[in-house]
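Let's take a walk through this structure and see how some of its helices sit against one another.

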Amino acid sequence: MIVDLTFLQEATDGNKELIQQLVDLFREQVDEFRGEMEDSLAENDAERLRKVAHKAKGSISALGMMDVRASLQEMEDVCIGYNGGSLKEELGEKVESFLRDIRQALSELDEYLAS
């Protein structure tokens with residue numbers, strides 16, 4: 001499981017309406033995160049990638065995805081110490097992993113909300 005449902009339930013007092021609102025907001029942000037990350041890699045722009053990883057950490061944390069948050073922190077750290085070269089080679093797989101995790105998380109959240 002990508003999403004810590006126990007964390008999410010405790011943070012929202014089990015309020016499914018609030019959880020739905022958080023998920024809806026997150027779903028809107030996912031396209032932004034994806035586009036920004038892909039563009040950052042294509043343009044070899046470490047500072048832009050760092051900023052979007054930092055922003056994504058907040059949304060990820062609110063939904064209890066701590067392993068994904070740790071991965072974003074690693075991405076952010078690499079960007080801070082970036083010395084040149086191919087950002088896509090260095091972080092392309094991490095970005096792809098993040099995007100897979102997000103798809104899985106949304107699936108988990110939709111299943112939880114449907115129950």
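What follows looks at three helices and their packing.

This is a predicted model, so to speak of local features takes pLDDT of at least 70, side-chain atom pairs count only at pLDDT 80 or more, and totals for chains, interfaces and linings use all residues. Residues are numbered from 1 along each chain as its sequence is written, and side-chain values use heavy atoms, with hydrogens and water left out.

Start with α3, residues 46-62 (helices are DSSP runs of H or I, at least four residues, numbered from the N terminus). Its 17 residues should span 24 Å at 1.5 Å a residue (times one less than the number of residues), and the end C-alpha atoms, 25 Å apart, agree with that. Among the buried residues of α3 (under 20% relative accessible area, 1.4 Å probe, protein chains only) are Val52, Ala53 and Ser59. The buried set packs against α1, α2, α4 and α5 (contact means heavy atoms within 4.5 Å).

Now bring in α5, residues 87-114: its axis comes within 13 Å of that of α3, and the two cross at roughly 20°. That makes them roughly parallel, because the angle is under 35 degrees. Ala46, Leu49, Ala56 and Ile60 of α3 meet Leu87, Leu91, Val95, Phe98 and Ile102 of α5. That contact has nine nonpolar residues, no polar and no charged.

On to α4, whose axis lies 11 Å from that of α5 at an angle of about 155°. These two are therefore roughly antiparallel (over 145 degrees). The α5 side of this contact includes Leu91, Val95 and Phe98, along with Glu90, Lys94 and Asp101.

Definitions and conventions. Axes fitted to C-alpha atoms, helices over the stretch in contact; angles between N-to-C directions. Parallel < 35°, antiparallel > 145°, perpendicular 65-115°, else oblique. Nonpolar A, V, L, I, M, F, W, Y, C, P; charged D, E, K, R; others polar. Buried < 20%, exposed > 50% of the residue type's maximum accessible area, 1.4 Å probe, protein only.
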